[in-house]
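Q: Please take a close look at the largest nonpolar core of this protein chain. Which residues and elements build it, and how does it sit within the chain as a whole?

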Amino acid sequence: MIRWKVPLYKILVEKDDIKNITNVVQRGMHWAEGPEIEEFEKTLAKYLGVNYCVAMNSGTSALHATMLAYNIKKNDEVLIPSFTFVSTANAALMVQAKPKFIDIETDTYGMDPDLLEKSISKKSKLIMPVHYSGLSCKIDQIRLIAKKNKQILVEDSAESIGAKINSKKIGSFGDTSIFSFAGNKVLTTGEGGAVTTNSSKLCKKFKLIRSHGRKIGNYFLSTKKPEYVQLGYNWRMSSISAAIGLSQLNKIEKLISLRRKNAKTLNSHLKKIHAITLPPEPKNYKHVFQLYSILTPNQSVRNQLQKHLSAQGIMSKVFFYPVHLTSYHKKFKNTNSLKTTENISRRVLSLPMYPNMKKEEMQLVYEAITELFEIIGNNFIIK
């Protein structure tokens with residue numbers, strides 16, 4: 001394992017995190033289906049301003065459960081961006097639906113509303129935009145398009161909990177929203193996810209899908225014969241994960257504030273390098289910087305920069321390579337042009353970003369980047 005001087009991410013661990021985990025472990029029972037899960041669900045729903053939250057063991061499980069809950073089936077079209085993590089597309093394929101890729105715009109790197117509207121067909125059933133890197137996509141416009149065309153709207157909010165447009169949090173625009181709590185997320189449980197909705201009917205469906213289709217309360221506390229009413233899975237979050245989630249959720253605004261402060265510091269230094277495009281943040285949008293993603297002039301420079309950073313012990317990563325160009329997904333024919341997706345993906349590079357990032361670590365990052373551009377030059381024609 002490489003020992004990075006500056007890793008891509010770190011988790012801020014404090015006394016409350018350790019206390020919450022210890023409490024669950026020491027009681028010696030209810031490590032599954034413990035009271036922390038329901039508390040986490042209620043607290044998260046309140047934070048987002050929605051009625052219901054169902055915790056899952058991953059964001060991918062939440063995506064799959066959403067497809068099942070809405071009865072998305074073979075040959076239905078699910079409209080998504082290709083500039084995303086692969087599970088966004090895989091969720092549609094898991095139910096034999098067809099992912100239909102929509103190109104992105106350059107204001108937020110999210111699904112382009114104008115291109116979306118042109119792509120809706122008779123087979124289209126569900127629109128699933130992605131809030132990239134901690135910034136909302138143009139979800140307010142997308143919501144109007146979905147309503148006009150009678151499409152289900154699911155927000156893939158895996159990367160952007162806490163992000164806002166005006167005072168409205170992402171995850172509260174769609175019919176349903178999914179979240180990921182993987183290790184590098186703003187709110188993390190190590191591995192975990194959730195699905196949120198204002199529909200009590202959908203909430204019941206998600207709970208059945210999450211736990212074997214079993215119509216019962218806590219399986220481990222009940223002596224009643226379980227009733228299995230549909231096909232379901234074991235996608236439950238553990239009590240230990242929920243306990244971590246609660247402590248992280250209770251300080252989420254602190255975590256976001258620290259990320260924004262660190263992003264501001266990086267911006268103040270990197271803005272001097274004309275060849276770099278800093279992370280966008282349109283007016284009235286609030287970025288939570290789950291990722292700090294810059295754009296370089298071209299792929300060659302991006303690759304040079306990544307190599308240069310690695311040589312100095314600084315990790316960076318490409319988020320994301322287009323899903324439609326992966327070896328597996330190439331076989332699914334795509335009729336839409338995805339020029340902007342491919343252009344952004346060739347130039348994007350995510351730099352280290354975490355709440356407890358030290359000044360010295362940030363200095364290593366921006367000085368290393370400055371050093372490279374002093375060598376290769378700071379002026380490029382971006383195409």
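A: A residue is called buried here when its relative accessible area is under 20%. In this predicted model, buried residues account for 55% of the 383 residues in the protein chain.

The largest nonpolar core has 38 residues, and the members that touch the most others are Y292, L351 and I369. Five elements each supply at least two residues of this core: helix 9 (252-270), strand 11 (292-295), helix 10 (299-311), strand 12 (348-351) and helix 12 (359-376). Helix 12 gives the largest share, with seven residues. Leaving aside residues up to four places away in sequence, I369 touches L270, I273, I276, L305, L309 and L351. L351, one of these partners, is itself among the three residues that touch the most other members of the core.

Apart from this core lies another, of 30 residues, which include A62, Y70, A92 and M128.

The setting is a protein chain with twelve helices and twelve strands. Of the contacts between residues at least 6 apart in sequence, 71% join residues at least 24 apart. The C-alpha atoms fill a box of roughly 70 × 55 × 40 Å along the principal axes. A compact globule of 383 residues would have a radius of gyration near 21 Å, and the chain agrees with this because its own value is 21 Å.

On the outside, the chain exposes about 17900 Å², of which carbon and sulfur atoms supply 52%. The chain carries 57 positive and 31 negative charges, and the mean positions of the two sets are 4 Å apart.

Conventions:
Residues are numbered from 1 along each chain as its sequence is written. This is a predicted model: local features need pLDDT of at least 70, side-chain atom pairs count only at pLDDT 80 or more; totals for chains, interfaces and linings use all residues. Side-chain values use heavy atoms; hydrogens and water are left out. Helices (H or I, at least four residues) and strands (E, at least two) are DSSP runs, numbered from the N terminus. The radius of gyration is taken over C-alpha atoms; the globule rule is 2.2 Å times the number of residues to the power 0.38. Buried means under 20% relative accessible area, exposed over 50%, partly exposed in between (1.4 Å probe, protein chains only). Contact means heavy atoms within 4.5 Å. Accessible areas come from the Shrake-Rupley method with a 1.4 Å probe; for residues, only the protein chains shown count as cover. Lys and Arg count as positive and Asp and Glu as negative; His and the chain ends are not counted. The place of a charge is taken as NZ of Lys, CZ of Arg, CG of Asp or CD of Glu. A nonpolar core is a set of buried Ala, Val, Leu, Ile, Met, Phe, Trp, Tyr and Cys residues joined through side-chain atoms within 4.5 Å.
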